[in-house]
Structures are given as structure tokens and as C-alpha cells.
Amino acid sequence: MLSQFDFSVFKPSLTFLWTGFLFSGNLTLIAMTGGIVFGTLLAMGRLSSLRPLAVIASAYVNLMRSIPLVMVILWFFLVIPLITGKPIGAERSAIITFTAFEAAYYSEIMRAGIQSVSRGQAMAGYALGMTYWQNMGLVVLPQAFRNMLPILLTQTIILFQDTSLVYAIGAKDLLKAAEIAGKNYNRPMEMYIFVAVIYFVLCFALSTIVKRLHKKIAVVQ
Amino acid sequence: MAMIEIRDVCKWYGGFQVLTGCSSKVEKGEVVVVCGPSGSGKSTLIKCVNGLEPFQKGEILVNGTPVGDPETNLPKLRSGVGMVFQHFELFPHMTVIGNLTVGQVKVLGRKKEEALEKGHALLERVGLTDFAQKHPGQLSGGQQQRVAIARALAMDPICMLFDEPTSALDPEMIGEVLAVMQDLAREGMTMMVVTHEMGFARNVAHRVIFMDHGQIVEDTTKQEFFGTPRSERAQLFLSRILHH
């Protein structure tokens with residue numbers, strides 16, 4: 001069976017695949033950064049003593065976590081133009097969707113992280129005269145972030161794999177690029193195998209790093 | 001005007017009343033020890049003084065400022081009231097000197113150099129000059145608590161609150177922390193100290209408050225308290241704690 005494969009199609013399609021890979025990578029990095037920032041704010045909202053804020057934040061998180069990602073991707077793609085009045089393109093739509101969606105997952109991690117910092121730490125910050133935002137920024141969040149770093153990175157690996165779902169709206173990520181290249185050369189199988197290997201190598205390498213990090217943090221604590 | 005004035009303070013956790021009609025005063029320069037069996041509400045009371053715990057009834061004035069008033073700028077009030085906790089609560093992700101400067105720079109708005117100078121001077125004072133660049137986790141409990149006292153002093157507080165500062169320490173480390181506290185007391189710092197250390201109370205306290213079941217049962221001078229406490233509960237408590 002392998003003898004029927006023609007792997008010579010990789011070389012001419014590399015630049016094309018590279019642009020797709022760059023989009024997947026960018027999407028991951030932007031959604032990670034935006035998702036962690038937005039997710040941290042959501043977590044703070046959920047833990048807030050202001051009832052309405054807690055209710056809204058938890059409703060948002062629960063909603064996002066209960067809907068399949070592909071649906072959210074399609075939804076945003078259809079709904080955003082209705083709000084903005086003009087189409088914004090599959091790539092930008094994907095970035096907004098992933099940031100909004102991943103924020104819900106990062107927020108659950110950050111919520112656990114904030115709760116992992118003892119109440120006494122927050123008290124010590126307040127006792128020094130810090131405001132809520134100073135206490136969060138200087139005392140609680142740095143520790144929460146540090147405690148949760150391995151899990152945040154694991155979530156990012158999942159996020160990187162999930163970016164392949166943007167094929168649903170035709171954004172040109174790594175998978176879409178492989179699909180197009182496969183059609184061009186009429187060698188779809190080879191191309192899918194190739195990107196599968198890329199996904200595997202990257203994700204496996206990253207999760208190995210996370211495992212090491214986990215051990216290192218465990219030792220420090 | 002008293003430095004700390006507590007008037008008829010009541011506090012409930014849900015339906016459970018933890019403080020019942022507590023009233024007392026701490027004058028400027030006075031050292032007041034708060035003692036009593038565990039669960040008597042002494043830690044809760046001291047946390048009410050700087051508003052770390054809310055209370056539902058009564059009034060607490062710190063240097064004339066009402067703590068329970070929603071109009072009061074609590075961060076500002078707290079920045080002038082030093083607090084030392086049972087479990088030290090140093091910030092583990094900062095160095096020792098970082099712990100001593102963060103409040104000065106971020107809360108009081110001091111310049112970095114000024115804060116560092118003050119921090120190093122206070123480390124010298126608590127005998128930990130060489131530990132500035134270490135992290136709290138690398139220090140013993142007694143050393144951590146001395147850093148915690150220095151951190152509170154770095155804010156130039158008008159009074160200090162101690163919440164069982166030696167209860168989490170190994171016996172051989174209690175002395176070094178008490179020594180720092182005794183120096184402070186002799187320098188005229190206003191102090192409210194929740195502790196079981198009756199030796200400390202005898203040496204430096206002016207007054208002793210004895211609490212039981214959320215109430216202030218006894219509030220007298222040190223001499224009277226150790227001489228002839230009026231309440232049976234206080235007599236029983238003393239006889240137990242002194243015969244160890």
C-alpha cells in the first residue's frame with residue numbers, strides 16, 4: 001500500500017503549508033493570550049462578592065463550555081457581520097471566536113488557581129493597604145498563574161489542535177492548506193499524513209515540556 | 001482620643017454569633033494583650049479592627065476613623081495599621097526585600113531607593129541582614145515571622161496588631177520573635193496582641209483583655225489580671241496555662 005504513496009509532493013507545497021501553519025500558530029498564540037486575560041477577568045468575576053457580576057460571568061462560562069466549538073465557530077462567523085454590518089473575513093472571525101471560547105476554559109483553570117492561593121495571602125495584601133486590583137495583580141494572580149502554569153499550557157496544546165476546526169468556515173490554517181495542496185497534486189492522503197505528523201510532533205514535544213515543568217514546580221513547592 | 005476604640009461590636013457568621021457586645025480601648029503607646037481559650041473570638045476581634053473581617057453591629061474607631069463606615073477609605077486606613085499573622089503570610093513569590101518594599105512602593109508611593117533603604121534598615125533591626133535576597137521558603141518560621149514584623153513596620157504604622165504571632169512556631173523560635181516584639185513595645189509602639197504567651201503579657205503588657213464565647217469577660221491592668229482575676233473563667237484559664 002505504501003508503494004502507492006507519492007511523497008514527492010511535500011517539497012513543492014512546503015511554502016504553502018508554511019503560511020497555513022503560521023496562521024494556526026498565530027491563532028493559537030493570540031487566542032491563548034486573549035483567552036488567559038479575558039479568562040482571568042471572568043474567573044475574578046465568578047469569585048466576586050458582587051452577585052450580578054458572578055452570575056453573568058458564570059453564565060458566560062457555562063454557556064461556552066456547553067456548546068460544541070464548531071458550532072460557536074459557525075455562529076460567530078454568521079453573527080459578527082450582522083453586528084458590525086460588514087463581513088470581517090474567516091481569519092479574523094476565527095481569532096475572535098477562539099479568544100471568546102477559550103476564555104471560558106482558561107477561566108476555569110484560573111479560578112482554581114486563584115482558589116489555590118490561601119485566604120491569608122489576600123488578607124496580608126489587604127492588611128498592607130492594597131486595593132483589590134493591587135492585591136490581585138501583585139499577590140494573588142502571580143501565585144495562581146505559577147501554580148496553574150502546566151495546566152494552562154496543556155489547555156494551549158488542546159487549543160492548538162482545536163484550531164484545525166476553522167476549516168468549517170474556510171480559514172486557511174495548516175489543515176486547510178494541506179487539503180488545498182492535496183487537491184492540487186491529487187495526493188490528499190499523503191498531505192493529511194504529513195500534517196498529522198506535524199501536529200503530533202509539535203503537541204508531543206510540548207506536552208513533554210509541560211510534564212517536566214510540572215515536576216519542577218512540584219519540587220519548588 | 002484612644003488609638004483603637006471598640007464599641008459594642010457584634011458579629012455573626014450566618015446564625016452563629018462570634019462576637020457579642022465587645023467594647024474596649026487601646027490608648028496611644030499602650031500594649032494590650034488579648035487572651036482566652038481557642039474559639040473565643042479573639043482573632044476575629046483583632047481582624048475586625050482593620051476591617052479584614054466585617055462586623056454587623058457596633059463601631060470601631062482607629063485613630064478616630066470609623067472602620068465599619070462604608071465611606072471610609074479602608075486601604076488607606078490599613079496602610080497605617082501594621083498586622084502580623086499567625087502563619088506569617090509572607091509573599092512566597094517575592095524575595096525578603098521584595099516583601100519589605102512592595103507595600104512602600106505600591107501603596108505609599110515611596111521611591112524604590114527610599115523603600116530599599118528602609119527595608120534594609122528594618123532587616124538589620126530584626127537581625128536578618130544577610131537574608132534580603134532569599135525567598136521566604138528558605139527561612140525558618142521564626143525568621144519568617146521577624147520578616148513579617150519588619151514588613152509591617154516598613155509602612156510606618158501608627159499601631160500594630162498581632163494575631164497569635166508565635167502560635168505556629170517551634171518552641172525554640174518563639175523567643176526570637178518575642179524579643180523583637182518586646183523591643184517594639186518598649187519603644188512605645190501601640191500594640192494589640194492576641195497571644196497565649198503569658199510571659200510576654202507579664203513583661204510588657206499594660207492591660208490584659210480576656211475573652212470567652214465571643215465576649216470580653218475581663219479587661220483590666222496586668223497586675224490585677226495576674227493577681228486576682230475576677231471571673232471564674234479567667235481564673236480557670238490562667239491556672240491551666242500557667243501550670244504547663
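What radius of gyration does chain B have, and what would a compact globule with 244 residues have? I looked this up before anything else, keeping in mind that I am working with a predicted model. Chain B comes out at 18 Å, and a compact globule of 244 residues would be near 18 Å, so the two agree.

**Chain B, overall**

I then took the box along the principal axes, and the C-alpha atoms of chain B fill roughly 50 × 45 × 35 Å. For secondary structure I counted 9 helices and 10 strands in chain B. Burial came next: 57% of the 244 residues count as buried. I also checked how the contacts of chain B spread along the sequence. Among contacts with a separation of 6 or more, 66% join residues that are 24 or more positions apart.

My surface entry for chain B reads about 10600 Å² of accessible area, with carbon and sulfur atoms holding 49% of that. For charges I noted 25 positive and 28 negative ones in chain B, and their mean positions lie 2 Å apart.

**Helix α6 of chain B**

I picked α6(B) for a closer look; this helix runs over residues 171-186. From first C-alpha to last, its 16 residues reach 23 Å, close to the 22 Å expected at 1.5 Å a residue.

Which residues of α6(B) are buried? My list holds B:Met173, B:Ile174, B:Val177, B:Leu178, B:Val180, B:Met181, B:Gln182, B:Leu184 and B:Ala185. It helps to recall that an α-helix has 3.6 residues a turn, so residues three or four places apart point the same way. With that in mind I reread the list, where B:Ile174, B:Val177, B:Leu178 and B:Met181 are among the buried residues.

What covers these buried residues? I found that the cover includes the strands β3 (31-35), β7 (159-163) and β8 (191-194) of chain B. It also includes the helices α4 (112-125), α5 (141-153) and α7 (198-204). Just after α6(B), I noted B:Gly188 with a positive phi of about 95 degrees.

**Positive phi outside glycine**

I then turned to residues other than glycine, starting with B:Asn63, whose phi is positive and near 55 degrees. B:Asn63 sits in the loop between β4 (57-62) and β5 (65-66) of chain B. Its relative accessibility is 38%, so I entered B:Asn63 as partly exposed.

B:His213 is not a glycine either, and its phi is positive at about 50 degrees. I located B:His213 in the loop between β9 (207-212) and β10 (215-221) of chain B. Is B:His213 buried or exposed? The relative accessible area is 63%, so B:His213 is exposed, the cut-off for that being over 50%.

**Two residues of chain A**

For chain A I looked up A:Val195, which belongs to helix α8 (residues 188-220). A:Val195 has 2% relative accessibility and therefore counts as buried. Not counting residues up to four places away in sequence, A:Val195 touches A:Leu17, A:Leu174, A:Leu175 and A:Ala178. I also took its C-alpha distance to A:Thr15: the two are 13 Å apart in space and 180 residues apart in sequence.

My last entry is A:Thr28, in helix α1 (residues 10-46) of chain A. Which residues is A:Thr28 in contact with, leaving aside its neighbours within four places in sequence? I wrote down A:Thr156, A:Leu159, A:Phe160 and A:Thr163. A:Thr28 has a relative accessible area of 7%; buried means under 20%, so A:Thr28 is buried.

Methods. Residues are numbered from 1 along each chain as its sequence is written. Chains are lettered from A and ligands numbered from 1 in the order in which they are written. This is a predicted model: local features need pLDDT of at least 70, side-chain atom pairs count only at pLDDT 80 or more; totals for chains, interfaces and linings use all residues. Side-chain values use heavy atoms; hydrogens and water are left out. Helices (H or I, at least four residues) and strands (E, at least two) are DSSP runs, numbered from the N terminus. The radius of gyration is taken over C-alpha atoms; the globule rule is 2.2 Å times the number of residues to the power 0.38. Buried means under 20% relative accessible area, exposed over 50%, partly exposed in between (1.4 Å probe, protein chains only). Contact means heavy atoms within 4.5 Å. Accessible areas come from the Shrake-Rupley method with a 1.4 Å probe; for residues, only the protein chains shown count as cover. Lys and Arg count as positive and Asp and Glu as negative; His and the chain ends are not counted. The place of a charge is taken as NZ of Lys, CZ of Arg, CG of Asp or CD of Glu. The expected span of a helix is 1.5 Å times one less than its number of residues.
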